[in-house]
Amino acid sequence: MPASLLSALDGTLFIDGEFRPGAGPRLPVINPATGERIGTIAAATGDEIAAAVAAARRAFRPWARQVPRRRAEALHRLGDLIAADAGAMARIMTLEQGKPLNEARGEILKLAEACHFYAEEATRVHGETVPNDQPGFRSLIVREPVGVVGAITPWNYPAELVGWKLCASLAAGCTIIVKPAELTPFTALAIAAKVAEAGIPPGVVNVVTGKGSVVGQALVAHPGVDKIAFTGSSAVGLHIQNTCPTIKRLSLELGGNCPLIVTASADLAAAVKGAARRSFRNMGQICIAINRIYVARPLYDAFVAALGQAADRLVVGNGLERPDADVGAMASAEPLEKTRAHLADALAKGARLVAGGQAPEGAEFARGFFFRPTVVADCTPDMQVMREETFGPLVGVAPFDTLEEAIAAANDTPYGLAAYGYARDLTEIERLSAGLDYGNVALNNVDAGIMNAPYGGRKQSGVGYEHGREGLLEYFNFKHVRLHHGVEA
Ligand code: TAP
């Protein structure tokens with residue numbers, strides 16, 4: 001099934017409700033677990049990008065005028081179709097991204113959930129009436145969709161990060177042009193196939209492929225795009241902000257360097273379990289991955305030993321052949337090289353290798369981008385792993401003596417996406433929740449994002465929110481309608 005679906009999507013763009021062969025040069029898409037080419041994408045040309053924007057503009061007013069209930073029904077249909085085909089869509093994701101099949105399937109099912117969540121939210125968009133100082137007036141605050149959205153997405157969660165933008169756009173009455181990452185385009189095209197199947201009108205959703213610096217940048221520059229919804233690195237997010245030639249709405253979900261603090265009162269076993277999950281899931285290629293861990297000195301040695309053992313127990317495998325592996329291949333050579341570089345830097349500066357540190361052995365790993373989950377201890381603040389986003393399966397650990405010191409170290413970064421804490425003492429819990437300068441703080445758990453609460457970063461981790469009512473509001477303009485009706489009673 002995926003082989004035929006993949007060949008049907010090969011080299012296509014989804015514009016104005018139909019798949020068309022791209023006119024531009026072809027770029028290869030590689031299976032990161034084997035190095036094999038799985039297909040090609042077409043680099044969208046200027047004319048094709050213009051056609052996608054024109055289609056989205058044409059579709060905008062009719063879509064925005066549909067009653068919310070109709071848009072909600074379309075999103076529910078989309079969610080049902082995606083969930084029904086989760087197996088085939090997951091195989092496409094594993095083939096292009098490397099994550100184990102079971103995890104890819106979980107991501108597809110979460111995309112389906114996002115469709116249903118935003119379908120429900122679509123019918124609950126309310127306005128406000130605001131009191132006036134003078135009698136005979138009424139002020140209405142009305143929410144109107146922003147217009148045409150350009151969505152630029154990364155490769156680590158190829159379905160969800162497209163889906164959050166697509167579902168919120170459609171619920172709000174916006175239309176959208178998606179530019180997925182060059183590494184993982186087929187998941188986005190497979191979502192477009194479901195959009196067509198769901199009977200969503202032509203032009204409401206469009207997918208154009210190609211290099212971000214060309215195709216993504218063209219969406220940023222295009223006067224017909226009203227909002228850019230971007231998820232990716234802080235460097236590219238800043239570039240987009242700096243190069244946007246006209247005023248347009250921007251939401252930027254960017255990189256992180258996320259700390260975990262384990263206090264003296266913590267449940268050690270729970271903290272180790274949480275640390276292993278959030279440091280290494282998806283091979284650490286998560287914006288909210290734990291990069292660095294600060295542990296209260298009385299627990300330090302036991303924590304480091306247990307985390308090393310937990311990392312060693314994780315099963316690395318080819319995600320298609322080992323659907324239940326804990327982690328698969330990394331998505332490309334680049335994050336693997338960065339992981340190796342951060343590891344070498346830490347070891348050169350005196351860190352102690354506790355687990356991992358190399359690629360797994362065996363012929364099955366020879367041609368893919370594999371690496372063992374890696375723990376380094378006795379880290380110091382000057383090490384890259386403690387300062388920069390690794391975006392790979394490497395975590396640094398350091399001891400602390402006072403909670404103030406740990407919170408200060410945790411906050412001493414340009415990033416502000418997510419932070420974690422384990423503590424049982426109520427005072428410590430309150431100090432962590434108030435003191436951590438992050439958009440998401442998870443205490444005694446490591447799942448910082450849930451669908452119905454806002455998810456966004458501070459500082460260099462971005463502006464704007466996804467998820468929750470706040471995420472949907474990002475796709476609206478507010479209009480103040482001040483009416484003089486003259487009735488003074
Ligand atoms: P980036 O290199 O920033 O790429 C993200 C997207 O931007 C890709 O589609 C890329 O296209 C495109 N792009 C590149 N240059 C562009 C330009 N000049 N103009 C417009 N678009 C451009 O990030 P990545 O390596 O794919 O993803 C990893 C990063 O994403 C990490 O920093 C991670 O923390 C962050 N991330 C953040 C979040 C949230 S919610 N905050 C979630 C996931 C990931 P091509 O790849 O096709 O060139």
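**Around the ligand and into the core**

Me: What does the shell around the ligand look like by class, and how many of its residues are charged?
Reply: Keep in mind that this is a predicted model. Sorted by class, the shell has 14 nonpolar residues and 12 polar ones. The charged residues in it number four.

Me: Which residues come nearest to the ligand?
Reply: There are 30 residues around the ligand, so to speak its neighbours. The ones that come nearest are T153, K179, S233, L254 and E389.

Me: How far is an oxygen atom of the ligand from an N or O atom in the side chain of S233?
Reply: A polar contact needs a pair of N or O atoms within 3.5 Å. W155 has a polar side-chain atom 3.1 Å from a ligand oxygen, and K179 has one at 2.7 Å. For the S233 side chain, the distance is 2.6 Å.

Me: How much of the ligand does the protein bury?
Reply: Take the ligand alone and it exposes 920 Å². Of that area, the protein buries 88%.

Me: Which element gives the largest share of the shell around the ligand?
Reply: Elements giving two or more residues are α8 (212-221), β10 (227-231) and α9 (234-243). The largest share is four residues, and they come from α8.

Me: Where does the largest nonpolar core lie?
Reply: This core has 104 residues, and I293, F303 and Y420 have the most contacts inside it. Helix α5 (residues 101-122) gives the largest share, 11 residues. Both domain 1 (2-254 + 461-478) and domain 2 (258-450) contribute residues, so the core lies between domain 1 and domain 2.

Methods:
Residues are numbered from 1 along each chain as its sequence is written. This is a predicted model: local features need pLDDT of at least 70, side-chain atom pairs count only at pLDDT 80 or more; totals for chains, interfaces and linings use all residues. Side-chain values use heavy atoms; hydrogens and water are left out. A residue is near a molecule or strand if one of its heavy atoms lies within 4 Å of it. A polar contact is a pair of N or O atoms within 3.5 Å; within protein, one must be able to donate a hydrogen and the other to accept it, and residues adjacent in sequence count only if both atoms are side-chain atoms. Accessible areas come from the Shrake-Rupley method with a 1.4 Å probe; for residues, only the protein chains shown count as cover. Ala, Val, Leu, Ile, Met, Phe, Trp, Tyr, Cys and Pro count as nonpolar, Asp, Glu, Lys and Arg as charged, and the others, Gly among them, as polar. A nonpolar core is a set of buried Ala, Val, Leu, Ile, Met, Phe, Trp, Tyr and Cys residues joined through side-chain atoms within 4.5 Å. Buried means under 20% relative accessible area, exposed over 50%, partly exposed in between (1.4 Å probe, protein chains only). Domain bounds come from an automatic or database domain assignment.
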